[in-house]
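Subject: Structure for your review

Dear colleague,

Please find the structure below, together with its sequence. My notes on what was found in it follow.

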Amino acid sequence: MSQESRRTSQTGVVLRLGSTQTLAWASSYYLPALLAAPLAAELGLAVTQVFGAFTLALVISALVGPAAGRAIDRHGGRAVLRVTNLLFAAGLAALGLAQAGWQVWAAWCVIGVAMGSGLYDAAFATLVRLYPVSARNAITGITLIAGFASTVGWPLTQWGLDTFGWRGTCLGWAALHLVLGLPLHGGLPRGRVEEAPPVRAESAPTAPADSGAPAQAPAGNGVAIVLAAVFAIAWFTSTAMAAHLPLLLQAQGLSASTALGVAMLVGPAQVAGRLLEFGFLRRAHPLLSSRFATAGHPIGVALLALGGPLGAWLFAVMHGMGNGILTIAKGTLPLVVFGAAGYGERQGWLMAPARVSQAFAPLLFGLAMAHWGGHALWLTAGLGLLALALLQGLALHMARRGAAVAPTTPRPDAPA
(Lines give C-alpha, C1' and ligand atoms only; values in the text may rest on other atoms or scores of the structure.)
Protein backbone atom coordinates (compact mmCIF):
# COMPACT_ATOMS: atom_id res chain seq x y z
CA MET A 1 0.00 0.00 0.00
CA SER A 2 1.37 3.43 -0.95
CA GLN A 3 2.01 6.05 1.68
CA GLU A 4 -0.85 8.23 0.39
CA SER A 5 -3.38 5.39 0.32
CA ARG A 6 -2.24 4.30 3.80
CA ARG A 7 -2.91 7.79 5.13
CA THR A 8 -6.33 7.82 3.44
CA SER A 9 -7.08 4.43 4.96
CA GLN A 10 -6.02 5.61 8.41
CA THR A 11 -8.20 8.72 8.15
CA GLY A 12 -11.19 6.52 7.36
CA VAL A 13 -10.42 4.23 10.29
CA VAL A 14 -10.10 7.20 12.65
CA LEU A 15 -13.44 8.59 11.49
CA ARG A 16 -15.12 5.21 11.96
CA LEU A 17 -13.67 4.58 15.40
CA GLY A 18 -14.17 8.18 16.49
CA SER A 19 -17.86 7.91 15.59
CA THR A 20 -18.35 4.54 17.28
CA GLN A 21 -16.49 5.69 20.38
CA THR A 22 -18.79 8.71 20.58
CA LEU A 23 -21.76 6.34 20.41
CA ALA A 24 -20.29 3.94 22.99
CA TRP A 25 -19.45 6.64 25.55
CA ALA A 26 -22.73 8.51 25.07
CA SER A 27 -24.82 5.36 25.55
CA SER A 28 -22.96 4.05 28.60
CA TYR A 29 -20.70 6.30 30.68
CA TYR A 30 -22.76 9.48 30.15
CA LEU A 31 -26.16 7.78 30.35
CA PRO A 32 -26.86 7.56 34.13
CA ALA A 33 -26.52 11.30 34.71
CA LEU A 34 -29.89 11.90 32.99
CA LEU A 35 -31.44 8.43 33.06
CA ALA A 36 -31.03 7.46 36.72
CA ALA A 37 -33.73 9.71 38.20
CA PRO A 38 -36.67 8.80 35.89
CA LEU A 39 -35.70 5.12 35.89
CA ALA A 40 -35.53 5.01 39.68
CA ALA A 41 -38.83 6.89 40.03
CA GLU A 42 -40.77 4.50 37.80
CA LEU A 43 -39.35 1.31 39.29
CA GLY A 44 -39.52 2.53 42.88
CA LEU A 45 -35.77 2.41 43.41
CA ALA A 46 -33.39 4.80 45.12
CA VAL A 47 -31.25 6.75 42.69
CA THR A 48 -28.22 5.46 44.58
CA GLN A 49 -29.19 1.92 43.53
CA VAL A 50 -29.02 2.90 39.87
CA PHE A 51 -25.61 4.48 40.35
CA GLY A 52 -24.57 1.42 42.35
CA ALA A 53 -25.38 -0.73 39.32
CA PHE A 54 -23.34 1.66 37.17
CA THR A 55 -20.41 1.35 39.60
CA LEU A 56 -20.64 -2.43 39.27
CA ALA A 57 -20.52 -2.04 35.49
CA LEU A 58 -17.27 -0.07 35.77
CA VAL A 59 -15.73 -2.75 38.01
CA ILE A 60 -16.77 -5.44 35.53
CA SER A 61 -15.21 -3.41 32.71
CA ALA A 62 -11.90 -3.45 34.61
CA LEU A 63 -12.04 -7.24 34.92
CA VAL A 64 -12.92 -7.71 31.24
CA GLY A 65 -10.27 -5.32 29.87
CA PRO A 66 -7.21 -7.64 29.78
CA ALA A 67 -9.10 -10.48 28.07
CA ALA A 68 -10.59 -8.10 25.52
CA GLY A 69 -7.16 -6.63 24.80
CA ARG A 70 -5.68 -10.10 24.37
CA ALA A 71 -8.45 -10.97 21.89
CA ILE A 72 -7.68 -7.82 19.87
CA ASP A 73 -3.96 -8.65 19.88
CA ARG A 74 -4.74 -12.07 18.41
CA HIS A 75 -7.71 -11.44 16.14
CA GLY A 76 -7.81 -7.70 15.53
CA GLY A 77 -10.34 -5.15 16.64
CA ARG A 78 -12.91 -5.60 13.88
CA ALA A 79 -14.43 -8.79 15.29
CA VAL A 80 -14.16 -7.79 18.95
CA LEU A 81 -15.69 -4.36 18.48
CA ARG A 82 -18.60 -5.78 16.47
CA VAL A 83 -19.34 -8.12 19.36
CA THR A 84 -19.35 -5.14 21.72
CA ASN A 85 -22.04 -3.49 19.59
CA LEU A 86 -24.20 -6.56 20.15
CA LEU A 87 -23.43 -6.48 23.88
CA PHE A 88 -24.24 -2.78 24.15
CA ALA A 89 -27.49 -3.34 22.25
CA ALA A 90 -28.45 -6.30 24.44
CA GLY A 91 -27.63 -4.51 27.70
CA LEU A 92 -29.42 -1.30 26.74
CA ALA A 93 -32.47 -3.19 25.50
CA ALA A 94 -32.56 -5.16 28.76
CA LEU A 95 -32.33 -1.90 30.70
CA GLY A 96 -35.18 -0.40 28.69
CA LEU A 97 -37.36 -3.45 29.37
CA ALA A 98 -36.47 -3.81 33.08
CA GLN A 99 -39.36 -4.19 35.51
CA ALA A 100 -37.45 -4.79 38.74
CA GLY A 101 -34.27 -3.70 40.46
CA TRP A 102 -32.39 -6.94 39.87
CA GLN A 103 -33.03 -6.58 36.14
CA VAL A 104 -31.46 -3.13 36.21
CA TRP A 105 -28.36 -4.58 37.88
CA ALA A 106 -28.24 -7.45 35.36
CA ALA A 107 -28.54 -5.06 32.43
CA TRP A 108 -25.68 -2.92 33.71
CA CYS A 109 -23.55 -6.05 34.12
CA VAL A 110 -23.96 -6.70 30.38
CA ILE A 111 -23.21 -3.07 29.60
CA GLY A 112 -20.12 -3.34 31.83
CA VAL A 113 -18.79 -6.21 29.71
CA ALA A 114 -19.37 -4.08 26.62
CA MET A 115 -17.60 -1.09 28.20
CA GLY A 116 -14.60 -3.23 29.12
CA SER A 117 -14.22 -4.41 25.54
CA GLY A 118 -15.53 -1.47 23.56
CA LEU A 119 -14.34 1.88 24.94
CA TYR A 120 -11.05 3.75 24.42
CA ASP A 121 -8.64 0.96 25.40
CA ALA A 122 -10.13 -1.41 22.83
CA ALA A 123 -10.08 1.27 20.15
CA PHE A 124 -6.45 2.13 20.95
CA ALA A 125 -5.47 -1.56 20.80
CA THR A 126 -7.24 -1.85 17.45
CA LEU A 127 -5.23 1.06 16.08
CA VAL A 128 -1.92 -0.27 17.39
CA ARG A 129 -2.53 -3.62 15.73
CA LEU A 130 -3.43 -1.94 12.43
CA TYR A 131 -0.76 0.80 12.57
CA PRO A 132 2.07 -0.26 14.92
CA VAL A 133 4.29 2.56 13.61
CA SER A 134 1.92 5.52 13.26
CA ALA A 135 -0.77 4.82 15.86
CA ARG A 136 -0.05 7.91 17.98
CA ASN A 137 -1.68 10.41 15.62
CA ALA A 138 -4.60 8.07 15.05
CA ILE A 139 -5.18 7.72 18.80
CA THR A 140 -5.21 11.50 19.11
CA GLY A 141 -7.69 11.74 16.24
CA ILE A 142 -10.13 9.36 17.91
CA THR A 143 -10.04 11.28 21.19
CA LEU A 144 -10.64 14.56 19.36
CA ILE A 145 -13.86 13.17 17.85
CA ALA A 146 -15.09 11.22 20.87
CA GLY A 147 -14.24 14.12 23.16
CA PHE A 148 -17.66 15.47 22.17
CA ALA A 149 -19.48 12.36 23.42
CA SER A 150 -21.11 14.23 26.29
CA THR A 151 -21.83 17.23 24.07
CA VAL A 152 -23.68 14.96 21.63
CA GLY A 153 -24.92 12.31 24.05
CA TRP A 154 -26.55 14.39 26.78
CA PRO A 155 -28.78 16.44 24.41
CA LEU A 156 -29.78 13.28 22.52
CA THR A 157 -30.59 11.47 25.75
CA GLN A 158 -32.60 14.44 27.03
CA TRP A 159 -34.49 14.64 23.74
CA GLY A 160 -35.21 10.93 23.98
CA LEU A 161 -36.44 11.29 27.56
CA ASP A 162 -38.72 14.17 26.60
CA THR A 163 -40.05 12.39 23.50
CA PHE A 164 -40.08 8.66 24.25
CA GLY A 165 -39.38 8.35 27.99
CA TRP A 166 -36.45 6.54 29.55
CA ARG A 167 -37.43 3.13 28.16
CA GLY A 168 -37.65 4.42 24.61
CA THR A 169 -34.34 6.22 25.05
CA CYS A 170 -32.57 3.00 26.07
CA LEU A 171 -34.10 1.12 23.14
CA GLY A 172 -33.10 3.95 20.80
CA TRP A 173 -29.46 3.80 21.90
CA ALA A 174 -29.58 0.00 21.50
CA ALA A 175 -30.86 0.41 17.94
CA LEU A 176 -28.07 2.85 17.09
CA HIS A 177 -25.48 0.23 18.03
CA LEU A 178 -27.07 -2.15 15.54
CA VAL A 179 -27.76 0.21 12.64
CA LEU A 180 -24.75 2.53 13.03
CA GLY A 181 -22.05 1.00 15.23
CA LEU A 182 -22.15 -2.50 13.77
CA PRO A 183 -21.72 -1.43 10.12
CA LEU A 184 -19.02 1.10 10.98
CA HIS A 185 -16.97 -1.53 12.82
CA GLY A 186 -17.64 -3.97 9.99
CA GLY A 187 -15.81 -1.62 7.63
CA LEU A 188 -12.55 -1.73 9.59
CA PRO A 189 -9.57 -3.44 7.91
CA ARG A 190 -9.35 -7.16 8.64
CA GLY A 191 -5.57 -7.33 8.98
CA ARG A 192 -2.51 -5.21 9.72
CA VAL A 193 -2.21 -2.18 7.42
CA GLU A 194 1.45 -1.40 8.05
CA GLU A 195 4.31 -3.62 9.15
CA ALA A 196 5.52 -3.55 12.73
CA PRO A 197 8.85 -1.72 13.18
CA PRO A 198 11.98 -3.81 13.61
CA VAL A 199 12.83 -4.44 17.26
CA ARG A 200 16.34 -4.02 18.60
CA ALA A 201 17.83 -7.24 19.91
CA GLU A 202 18.31 -5.93 23.41
CA SER A 203 14.61 -5.03 23.68
CA ALA A 204 13.09 -7.88 21.72
CA PRO A 205 9.87 -9.26 23.14
CA THR A 206 9.56 -12.92 23.99
CA ALA A 207 6.74 -13.42 21.49
CA PRO A 208 6.19 -12.30 17.88
CA ALA A 209 4.39 -8.98 17.49
CA ASP A 210 1.34 -10.61 15.91
CA SER A 211 1.08 -13.63 18.16
CA GLY A 212 -1.11 -11.98 20.75
CA ALA A 213 1.02 -13.43 23.54
CA PRO A 214 2.10 -10.99 26.25
CA ALA A 215 5.55 -9.62 25.64
CA GLN A 216 8.19 -9.11 28.27
CA ALA A 217 8.95 -5.45 27.83
CA PRO A 218 12.48 -4.23 28.51
CA ALA A 219 11.10 -1.66 30.94
CA GLY A 220 10.00 -4.35 33.37
CA ASN A 221 7.09 -4.81 35.72
CA GLY A 222 8.13 -1.90 37.93
CA VAL A 223 7.47 0.54 35.09
CA ALA A 224 4.08 -1.06 34.46
CA ILE A 225 3.18 -0.59 38.12
CA VAL A 226 4.19 3.08 37.95
CA LEU A 227 2.06 3.69 34.85
CA ALA A 228 -0.90 1.82 36.36
CA ALA A 229 -0.66 3.99 39.49
CA VAL A 230 -0.43 7.21 37.48
CA PHE A 231 -3.47 6.29 35.37
CA ALA A 232 -5.43 5.25 38.47
CA ILE A 233 -4.74 8.64 40.05
CA ALA A 234 -5.63 10.50 36.87
CA TRP A 235 -8.93 8.67 36.41
CA PHE A 236 -9.86 9.01 40.08
CA THR A 237 -9.42 12.76 39.84
CA SER A 238 -11.16 13.07 36.48
CA THR A 239 -14.23 11.12 37.61
CA ALA A 240 -14.38 12.83 41.01
CA MET A 241 -14.39 16.23 39.30
CA ALA A 242 -17.00 15.12 36.76
CA ALA A 243 -19.32 14.02 39.56
CA HIS A 244 -18.80 16.81 42.10
CA LEU A 245 -17.29 19.88 40.44
CA PRO A 246 -20.30 22.26 40.52
CA LEU A 247 -20.98 21.60 44.22
CA LEU A 248 -17.25 21.67 44.97
CA LEU A 249 -16.92 25.11 43.41
CA GLN A 250 -19.91 26.34 45.39
CA ALA A 251 -18.12 25.13 48.52
CA GLN A 252 -15.25 27.35 47.41
CA GLY A 253 -17.58 30.36 47.55
CA LEU A 254 -18.86 30.61 43.96
CA SER A 255 -22.54 31.13 43.20
CA ALA A 256 -24.49 28.22 41.71
CA SER A 257 -24.67 29.84 38.25
CA THR A 258 -20.97 30.72 38.22
CA ALA A 259 -20.00 27.25 39.43
CA LEU A 260 -22.02 25.66 36.63
CA GLY A 261 -20.43 27.95 34.05
CA VAL A 262 -16.94 27.09 35.28
CA ALA A 263 -17.72 23.37 35.28
CA MET A 264 -19.00 23.58 31.69
CA LEU A 265 -15.61 24.98 30.64
CA VAL A 266 -13.86 21.67 31.43
CA GLY A 267 -15.16 19.93 28.30
CA PRO A 268 -13.90 22.54 25.80
CA ALA A 269 -10.62 22.69 27.73
CA GLN A 270 -10.21 18.93 27.28
CA VAL A 271 -10.61 19.30 23.52
CA ALA A 272 -8.14 22.22 23.57
CA GLY A 273 -5.63 19.99 25.37
CA ARG A 274 -6.04 17.29 22.75
CA LEU A 275 -5.54 19.85 19.98
CA LEU A 276 -2.36 20.94 21.76
CA GLU A 277 -1.20 17.33 21.84
CA PHE A 278 -2.07 16.91 18.15
CA GLY A 279 -0.19 20.08 17.22
CA PHE A 280 2.78 21.06 19.37
CA LEU A 281 3.18 18.18 21.81
CA ARG A 282 3.06 15.42 19.20
CA ARG A 283 6.70 16.24 18.47
CA ALA A 284 7.58 15.53 22.09
CA HIS A 285 8.04 12.19 23.82
CA PRO A 286 4.71 11.16 25.44
CA LEU A 287 6.46 11.05 28.80
CA LEU A 288 7.03 14.80 28.57
CA SER A 289 3.44 15.57 27.59
CA SER A 290 2.22 13.24 30.37
CA ARG A 291 4.19 15.18 32.99
CA PHE A 292 2.88 18.44 31.61
CA ALA A 293 -0.68 17.13 31.75
CA THR A 294 -0.36 15.63 35.23
CA ALA A 295 0.76 18.99 36.58
CA GLY A 296 -2.39 20.65 35.25
CA HIS A 297 -4.74 19.75 38.10
CA PRO A 298 -2.40 20.67 41.00
CA ILE A 299 -1.53 23.97 39.30
CA GLY A 300 -5.22 24.63 38.77
CA VAL A 301 -5.98 23.98 42.44
CA ALA A 302 -3.24 26.44 43.46
CA LEU A 303 -4.65 29.08 41.08
CA LEU A 304 -8.13 28.50 42.51
CA ALA A 305 -6.83 28.96 46.04
CA LEU A 306 -4.94 32.14 45.14
CA GLY A 307 -7.12 33.73 42.49
CA GLY A 308 -10.69 33.70 43.75
CA PRO A 309 -13.37 33.71 41.00
CA LEU A 310 -10.78 34.26 38.25
CA GLY A 311 -8.78 31.40 39.68
CA ALA A 312 -11.83 29.14 39.31
CA TRP A 313 -11.90 29.71 35.56
CA LEU A 314 -8.15 29.09 35.35
CA PHE A 315 -8.61 25.91 37.39
CA ALA A 316 -11.18 24.61 34.91
CA VAL A 317 -8.83 25.30 31.99
CA MET A 318 -5.79 23.68 33.61
CA HIS A 319 -7.71 20.65 34.87
CA GLY A 320 -9.55 20.17 31.57
CA MET A 321 -6.47 20.51 29.37
CA GLY A 322 -4.47 18.14 31.54
CA ASN A 323 -7.26 15.59 31.54
CA GLY A 324 -7.62 15.83 27.76
CA ILE A 325 -3.92 15.18 27.18
CA LEU A 326 -3.85 12.31 29.68
CA THR A 327 -6.64 10.57 27.75
CA ILE A 328 -4.25 10.39 24.82
CA ALA A 329 -1.21 9.61 26.98
CA LYS A 330 -2.83 6.49 28.41
CA GLY A 331 -2.76 5.10 24.87
CA THR A 332 0.51 6.51 23.53
CA LEU A 333 2.80 6.30 26.57
CA PRO A 334 2.54 2.50 27.02
CA LEU A 335 3.06 2.13 23.25
CA VAL A 336 6.32 4.06 23.36
CA VAL A 337 7.56 2.49 26.59
CA PHE A 338 6.71 -1.13 25.83
CA GLY A 339 6.22 -1.29 22.05
CA ALA A 340 3.36 -2.69 19.98
CA ALA A 341 3.76 -6.38 20.87
CA GLY A 342 1.03 -7.52 23.25
CA TYR A 343 -0.29 -3.95 23.48
CA GLY A 344 -3.97 -4.79 23.90
CA GLU A 345 -3.63 -7.20 26.82
CA ARG A 346 -1.03 -5.03 28.53
CA GLN A 347 -3.28 -2.01 28.15
CA GLY A 348 -6.10 -3.95 29.78
CA TRP A 349 -3.94 -4.71 32.82
CA LEU A 350 -2.53 -1.18 33.01
CA MET A 351 -6.00 0.39 32.97
CA ALA A 352 -7.70 -2.09 35.31
CA PRO A 353 -6.74 -0.14 38.48
CA ALA A 354 -7.82 3.08 36.77
CA ARG A 355 -11.27 1.68 36.04
CA VAL A 356 -11.69 0.49 39.62
CA SER A 357 -10.60 3.86 41.00
CA GLN A 358 -12.95 5.51 38.52
CA ALA A 359 -15.82 3.34 39.77
CA PHE A 360 -15.39 4.38 43.40
CA ALA A 361 -14.22 7.96 42.85
CA PRO A 362 -17.64 9.65 43.20
CA LEU A 363 -18.32 7.88 46.50
CA LEU A 364 -14.86 8.37 48.02
CA PHE A 365 -14.50 11.99 46.96
CA GLY A 366 -18.04 12.65 48.15
CA LEU A 367 -17.00 11.41 51.60
CA ALA A 368 -13.94 13.69 51.46
CA MET A 369 -16.20 16.64 50.64
CA ALA A 370 -18.48 15.75 53.54
CA HIS A 371 -15.50 15.95 55.91
CA TRP A 372 -13.45 18.77 54.40
CA GLY A 373 -15.80 20.72 52.15
CA GLY A 374 -14.01 22.67 49.41
CA HIS A 375 -10.65 21.74 50.92
CA ALA A 376 -11.15 18.24 49.51
CA LEU A 377 -9.49 19.60 46.37
CA TRP A 378 -6.16 19.42 48.17
CA LEU A 379 -6.59 15.63 48.22
CA THR A 380 -6.69 15.41 44.43
CA ALA A 381 -3.94 18.03 44.16
CA GLY A 382 -1.72 15.92 46.40
CA LEU A 383 -2.49 12.81 44.35
CA GLY A 384 -1.60 14.76 41.21
CA LEU A 385 1.77 15.74 42.67
CA LEU A 386 2.39 12.10 43.57
CA ALA A 387 1.63 11.06 39.98
CA LEU A 388 3.96 13.79 38.70
CA ALA A 389 6.74 12.53 40.99
CA LEU A 390 6.21 8.98 39.72
CA LEU A 391 6.45 10.13 36.11
CA GLN A 392 9.57 12.16 36.88
CA GLY A 393 11.16 9.10 38.44
CA LEU A 394 10.18 7.08 35.39
CA ALA A 395 11.76 9.68 33.10
CA LEU A 396 15.04 9.47 35.03
CA HIS A 397 14.92 5.68 34.97
CA MET A 398 14.35 5.57 31.21
CA ALA A 399 17.02 8.19 30.58
CA ARG A 400 19.52 5.96 32.38
CA ARG A 401 18.46 3.08 30.13
CA GLY A 402 18.70 5.25 27.04
CA ALA A 403 15.05 4.55 26.18
CA ALA A 404 13.45 7.91 26.74
CA VAL A 405 15.21 9.43 23.74
CA ALA A 406 14.79 6.39 21.51
CA PRO A 407 11.09 5.51 21.43
CA THR A 408 9.92 2.38 19.61
CA THR A 409 7.66 4.49 17.39
CA PRO A 410 9.02 7.20 15.10
CA ARG A 411 8.25 10.89 15.40
CA PRO A 412 4.82 11.59 13.96
CA ASP A 413 6.34 13.91 11.34
CA ALA A 414 8.63 11.14 10.08
CA PRO A 415 7.65 9.16 6.95
CA ALA A 416 5.37 6.25 7.75
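Which residues are linked in a network of salt bridges? In this model, which is predicted, they are Asp121, Lys330 and Arg355. The network can be followed one contact at a time.

Asp121 and Lys330 meet through their side chains in a salt bridge, at 3.5 Å from N to O. Because Asp121 belongs to helix H6 (residues 120-130) and Lys330 to helix H13 (residues 296-338), this pair ties together parts that are 209 residues apart in sequence. The other contact of Asp121 in the network is with Arg355, where the side chains form a salt bridge of 2.7 Å, N to O. Arg355 lies in helix H14 and Asp121 in helix H6, so here the parts tied together are 234 residues apart in sequence.

Are these residues buried or exposed? Both Arg355 and Asp121 are buried. The relative accessible area of Asp121 is 7%. Lys330 is also counted as buried, because its relative accessibility is 4% and the cut-off for buried is under 20%.

The structure holds four salt bridges. Another one of them joins the side chains of Arg70 and Glu345, at 2.8 Å from N to O. Arg70 is part of helix H3 (residues 47-75), whereas Glu345 is part of helix H14 (residues 343-372), so the pair connects parts that are 275 residues apart in sequence. The two partners can be described separately: Arg70 is partly exposed at 27% relative accessibility, and Glu345 is buried at 9%.

I turn next to the aromatic residues. How many aromatic pairs does the structure hold? There are ten. In one pair, the ring centres of Trp25 and Tyr120 are 5.2 Å apart and the planes stand at 50°, so the pair is classed as tilted. Trp25 is in helix H1 (residues 3-26) and Tyr120 is in helix H6, and the pair links distant parts of the chain, 95 residues apart. Trp25 is buried, with a relative accessible area of 11%, and Tyr120 is buried at 5% relative accessibility.

A further pair is formed by Tyr30 and Trp154: their ring centres are 5.4 Å apart and their planes are at 85°, so the pair is edge-to-face. Tyr30 sits in the loop between H1 and helix H2 (32-43), while Trp154 sits in helix H8 (residues 149-186), so parts that are 124 residues apart in sequence are tied together. Tyr30 counts as partly exposed at 22% relative accessibility. Trp154 is likewise partly exposed, with a relative accessible area of 36%.

These two pairs have their residues in a wider cluster, in which ring pairs link Trp25, Tyr29, Tyr30, Phe54, Trp108, Tyr120, Phe124 and Trp154.

Finally, there is a bend to inspect. Where does helix H9 bend? Helix H9 (residues 221-251) bends by about 70° at His244. A proline, Pro246, follows within four residues of the bend. Just after H9, Gly253 takes a positive phi of about 105°.

When you open the model, I suggest beginning with Asp121, which is linked with Lys330 and Arg355 in the network of salt bridges.

Yours sincerely,
A colleague

Note on methods. Residues numbered from 1 in each chain as written. Predicted model: local features only at pLDDT ≥ 70, side-chain atom pairs only at ≥ 80, totals over all residues. Heavy atoms only, no water. Bend = angle between axes of the 7 residues up to and from the residue. Helix = DSSP H or I, 4+ residues; strand = E, 2+ residues; numbered from the N terminus. Buried < 20%, exposed > 50% of the residue type's maximum accessible area, 1.4 Å probe, protein only. Phe/Tyr/Trp six-rings, centres within 6.5 Å; stacked < 30°, edge-to-face > 60°.
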